[in-house]
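Fresh notebook page, coffee at hand. I wanted to look up a few residues and then step back to the whole chain.

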Amino acid sequence: MLVNVLQVLWAASAVGIIVFVLLHSPKGDGIGGIGGQAQLFTSAKSAETTLNRITWALSVIFMGLTLILSAGWLGK
């Protein structure tokens, strides 16, 4: 049961990483380049900072769950 929940969280973090990486703009616009979404943040810099923090957090969660699930510490 616990392994199944962690696998769902692992898959969700993988999808989240893909989404948030794609939201980054190569020009530094970040989410501001999308249009109306930019009003959610006070500036493009804070939008980019928020995207970076979310992406890093999801990456840490993904890697941690990968380690836990692949090591077999929880059993099946």
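**Entry 1: Thr55.** I started with Thr55, which lies in helix α2. The model is a predicted one, so I keep that in mind throughout. Is Thr55 buried or exposed? Its relative accessibility is 12%, and with the cut-off for buried at under 20%, Thr55 counts as buried. Next I looked at what Thr55 touches. Setting aside residues up to four places away in sequence, I found Phe20, Val21 and His24. I also checked the side chain of Thr55 for a polar partner: it reaches the backbone oxygen of Leu51 at 2.7 Å. Last, I took a distance across the chain: the C-alpha atoms of Thr55 and Ser13 are separated by 9.5 Å, with their positions 42 residues apart along the chain.

**Entry 2: Ser13.** That distance led me to Ser13, whose place is in helix α1. Ser13 has a relative accessibility of 3% and so counts as buried. Which residues does Ser13 touch, not counting those up to four places away in sequence? I noted Leu58, Ile61 and Phe62.

**Entry 3: the sides of α1.** I then went along the helix itself. α1 has 22 residues and reaches 31 Å from its first C-alpha to its last, close to the 32 Å expected at 1.5 Å a residue. Its buried residues are Val3, Leu6, Ser13, Gly16 and Ile17. Why do I place them on the same side of α1? Because they cover an arc of only 140° around the axis. A reminder I jotted in the margin: an α-helix has 3.6 residues a turn, so residues three or four places apart point the same way. The face of α1 turned away from the buried side carries the exposed residues Val8, Val15, Ile18 and Leu22.

**Entry 4: aromatic rings.** How many aromatic pairs does the chain have? The count comes to one aromatic pair. The rings are those of Trp10 and Phe62; their centres are 5.5 Å apart and their planes stand at 15°, so the pair is stacked. For the label I needed the cut-off, which is planes under 30 degrees apart. Trp10 lies in α1 (residues 2–23) and Phe62 in α2 (residues 44–71), so the pair ties together parts that are 52 residues apart in sequence. I looked up the accessibility of Trp10 too: at 33%, Trp10 counts as partly exposed.

**Entry 5: Leu69.** Back in helix α2, I picked Leu69. Leu69 counts as partly exposed, at 23% relative accessibility. Leaving aside neighbours within four places in sequence, Leu69 is in contact with Val3, Leu6, Gln7 and Trp10. Of these, Val3 and Leu6 are already on my list of buried residues of α1, and Trp10 is in the stacked pair. I also noted that the C-alpha atoms of Leu69 and Asn4 are separated by 10.0 Å, although the two are 65 residues apart along the chain.

**Entry 6: the whole chain.** To finish, I zoomed out. The chain has two helices and zero strands. Of its 76 residues, 17% count as buried. The chain exposes about 5,400 Å², and carbon and sulfur atoms supply 71% of that. What share of the contacts with a separation of 6 or more comes from residues 24 or more positions apart? I wrote down 65%.

Key. Residues numbered from 1 in each chain as written. Predicted model: local features only at pLDDT ≥ 70, side-chain atom pairs only at ≥ 80, totals over all residues. Heavy atoms only, no water. Helix = DSSP H or I, 4+ residues; strand = E, 2+ residues; numbered from the N terminus. Buried < 20%, exposed > 50% of the residue type's maximum accessible area, 1.4 Å probe, protein only. Contact = heavy atoms within 4.5 Å. Areas by Shrake-Rupley, 256 points an atom, 1.4 Å probe, with all protein chains shown as cover. Phe/Tyr/Trp six-rings, centres within 6.5 Å; stacked < 30°, edge-to-face > 60°. Expected span 1.5 Å × (residues − 1). Arc of directions from axis to C-beta. Polar contact = N/O pair within 3.5 Å; in protein donor to acceptor, adjacent residues only side chain to side chain.
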